Amino acid sequence: MRKMFHLFAASVLGINLVVAVLGYPAILWSLVVFIPVILLGYRDMAQKQHSILRNYPVLGHFRFLLEEIRPEIHQYFVESDTDGAPFNRQERSVVYARSKNARDTMPFGTMQDVYEVGYEWVNHSILARHIDPKDLRVTIGGPDCKQPYSASILNVSAMSFGALSPNAIKSLNIGAKMGNFAHNTGEGGISPYHLQGGDLIWQVGTGYFGCRDHEGRFNPETFQMRATRPEVKMIEVKISQGAKPGHGGILPAAKLTKEIAEIRDVPMGHDVNSPPGHTAFSTPLEMMEFIKQLRDLSGGKPVGFKLCVGKRREFLSICKAMLQTGITPDFITVDGGEGGTGAAPLEFTNSIGTPLVEGLIFVHNALVGSGLRDRIKVISSGKATSGFGIIKRMALGADACNSARGMMMALGCIQAQKCNTNTCPVGVATQNPRYAEALVVEDKAQRVYNFHKNTEASVCEMMGAMGLSSPEEIQPWHLMRRINSTEIKNYSEIYDFLEPGVLVNDPPPSYARAWNAAKAESF
Ligand SMILES: Cc1cc2nc3c(=O)[nH]c(=O)nc-3n(C[C@H](O)[C@H](O)[C@H](O)COP(=O)(O)O)c2cc1C
């Protein structure tokens, strides 16, 4: 191609010269187009970074352009209704329809192959009934909590200001206020954009943003100041996140704005470090003491923690610490290895952390088996974007669900997968004002509200069709799965669901090794 390009450049210049000399000087105007193309080509051949441009001057740029718009091309021209990842077209479309209060019904019958292995469904009852969304609230707060919170079954999952734009955070918070559900701040602290009147779950991560001293350690005074704000209804200690468990992060000093420094309580001019693990505790017993300290400092608000299940022994150690100290968190949020993020290394996103189904069942079982389940609510975080999605998670042990990417789609996210580039085309996951200003707060807050309301209504309709009157009645055996072409099983036949207290009294073989190895004194 290099030779051809030399030939092309020489021909263009030669033809222009000859034709101009022959009495048609107007042809020289074509050089306005050709000269920049020729210069670009010679620059491409001279640069040393991209081999493709050296070999294919000018044309090589199309590859970069196509790579850039590949997700969009795939979405618009290639994917079917039931493929596309992480969310397929059908899953996205229902969020868009519900957030716009548009038609969310399907014509002509299901597009799913109901005979495919892995197909899942719930069975209806002849005694179908009507359920009111008002009956779906979940009270979060164990015996030591002085300010229990009546939560919706669907809330905004943790996403920080920084990962999301100011307008996105504002819209989520106003939507949460309109629909009476909670908005998790994410680990980046409480920003002014979070303070639009919606209920907040303040997430405290390993960087202790908003409650740290200058060395980055937990600071009780600043924690108390913010935790006692009336908007803060619950506090969530972030242990890990499914998309990147055990991976810390650094915000370089160069990217640290005055606004972020104030929100996070960090000095300007230094890198901001989120270490992989916590410094406020290093054993399960210390973790329980930390939870108690946070609850006391907050005036008795519900305090819980979020994790993606990793080593089973470590979670069982936490259960043992709860039994030993009598201190229990008010809630535990379980994220799956398939969880979303603004940015994570490929290996962490793809290959670390227990997937949600197994993680959720394990946490539910561990708490039931330890005899602690009645003190602690379990919140599922991961792909709860439809009525069925929520009912499935409740069947596996969740009391309520959080949604991150579902809420992003309600804000207009088109799954362009550019959250880590600062060029989110719809202004959701970017700090670049050029993109962020495209997101109109009033419109998108209404969409967040609509998505929540219509999804909750779908849960009510499905529960009614199943003949159930409250979420606690949803059980693992309500959820069916095709195992092979002739066999179906319900989830209580596929997974073990433990009896209350069994771990303490007589752990079953599948848990015995991890339970016996677990120690309240160390992870
Ligand atoms: C843009 C973005 C930012 C996130 N930031 C946080 C965070 O600060 N803290 C956290 O615990 N999880 C964070 N998450 C993970 C979500 O809260 C959630 O657990 C995960 O995406 C799975 O839920 P989903 O399937 O509803 O998205 C983030 C996710 C996304 C997409």
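This report walks through a predicted model of one chain and its ligand, starting with the overall build and ending with a few backbone oddities.

## The chain as a whole

Let's start with the big picture. The chain has 523 residues, and 49% of them are buried. Its secondary structure adds up to 20 helices and 15 strands. Measured out along the principal axes, the C-alpha atoms take up a box of roughly 100 × 60 × 45 Å.

## Around the ligand

The ligand has 23 residues around it, and the closest are Ala158, Ser381, Lys383, Ala404 and Arg405. What is the make-up of that shell, in nonpolar, polar and charged residues? The split is five nonpolar, 12 polar and six charged.

Three side chains are worth a click if you're looking at the ligand's oxygen atoms. Lysine 306 puts a polar side-chain atom 2.8 Å from a ligand oxygen. For aspartate 335, an N or O atom of the side chain is 3.0 Å from an oxygen atom of the ligand, and for serine 160 a polar side-chain atom lies 3.1 Å from a ligand oxygen. As for how covered the ligand is, it would expose 610 Å² taken alone, and the protein buries 98% of that.

## Aromatic pairs

There are 16 aromatic pairs in the whole structure. One of them joins tyrosine 208 and phenylalanine 218: the centres are 6.0 Å apart and the planes are at 65 degrees, which makes the pair edge-to-face. Both residues lie in the loop between β6 (199-204) and α8 (220-227), so the pair ties together parts that are 10 residues apart in sequence. Tyrosine 208 and phenylalanine 218 are both buried. The two also belong to a cluster linked by ring pairs, made up of Trp202, Tyr208, Phe218, Phe223, Phe281 and Phe290.

Why does the pair of phenylalanine 315 and phenylalanine 362 count as edge-to-face? The planes of the two rings are at 65 degrees, with 5.9 Å between the centres, and an angle over 60 is what earns that label. This pair goes from helix to helix: phenylalanine 315 is in α11 (residues 312-325) and phenylalanine 362 is in α13 (residues 356-369), so parts 47 residues apart in sequence are tied together. Phenylalanine 315 has a relative accessibility of 2%, so it counts as buried. Phenylalanine 362 comes out at 4% relative accessible area, and it is buried too.

## Charges over rings

Two rings have a charged side chain sitting over them. Which residue lies over the face of phenylalanine 87? That's lysine 383, at 5.3 Å from the ring centre. Lysine 383 is also among the closest residues to the ligand. Elsewhere, the charged end of arginine 312 sits over the ring of tyrosine 511, at 4.9 Å from the ring's centre.

## Two buried loop residues

Threonine 385 is in the loop between β12 (377-381) and α14 (387-395). Is threonine 385 buried or exposed? Its relative accessible area is 4%, and the cut-off for buried is under 20%, so threonine 385 is buried. Threonine 385 and valine 94 are 291 residues apart in sequence, yet their C-alpha atoms are 8.4 Å apart in space.

Serine 370 sits in the loop between α13 and β12. With a relative accessible area of 4%, serine 370 is buried. Its side chain reaches back along the sequence to the backbone oxygen of alanine 366, at 2.6 Å.

## Backbone oddities

If you like checking backbone geometry, try the bond between alanine 85 and proline 86: the peptide is cis, with omega at about 0 degrees. Proline 86 is in the loop between α5 (70-78) and α6 (89-99).

Tyrosine 208 turns up again here, with a positive phi of about 50 degrees although it is not a glycine. Its place is the loop between β6 and α8, and at 0% relative accessibility tyrosine 208 counts as buried. Glutamine 417 is another residue other than glycine with a positive phi, near 60 degrees. Look for glutamine 417 in the loop between α15 (405-410) and α16 (433-436).

Methods
Residues numbered from 1 in each chain as written. Predicted model: local features only at pLDDT ≥ 70, side-chain atom pairs only at ≥ 80, totals over all residues. Heavy atoms only, no water. Near = heavy atom within 4 Å. Polar contact = N/O pair within 3.5 Å; in protein donor to acceptor, adjacent residues only side chain to side chain. Areas by Shrake-Rupley, 256 points an atom, 1.4 Å probe, with all protein chains shown as cover. Nonpolar A, V, L, I, M, F, W, Y, C, P; charged D, E, K, R; others polar. Phe/Tyr/Trp six-rings, centres within 6.5 Å; stacked < 30°, edge-to-face > 60°. Helix = DSSP H or I, 4+ residues; strand = E, 2+ residues; numbered from the N terminus. Buried < 20%, exposed > 50% of the residue type's maximum accessible area, 1.4 Å probe, protein only. Lys NZ or Arg CZ within 6 Å of the ring centre and 35° of its normal.
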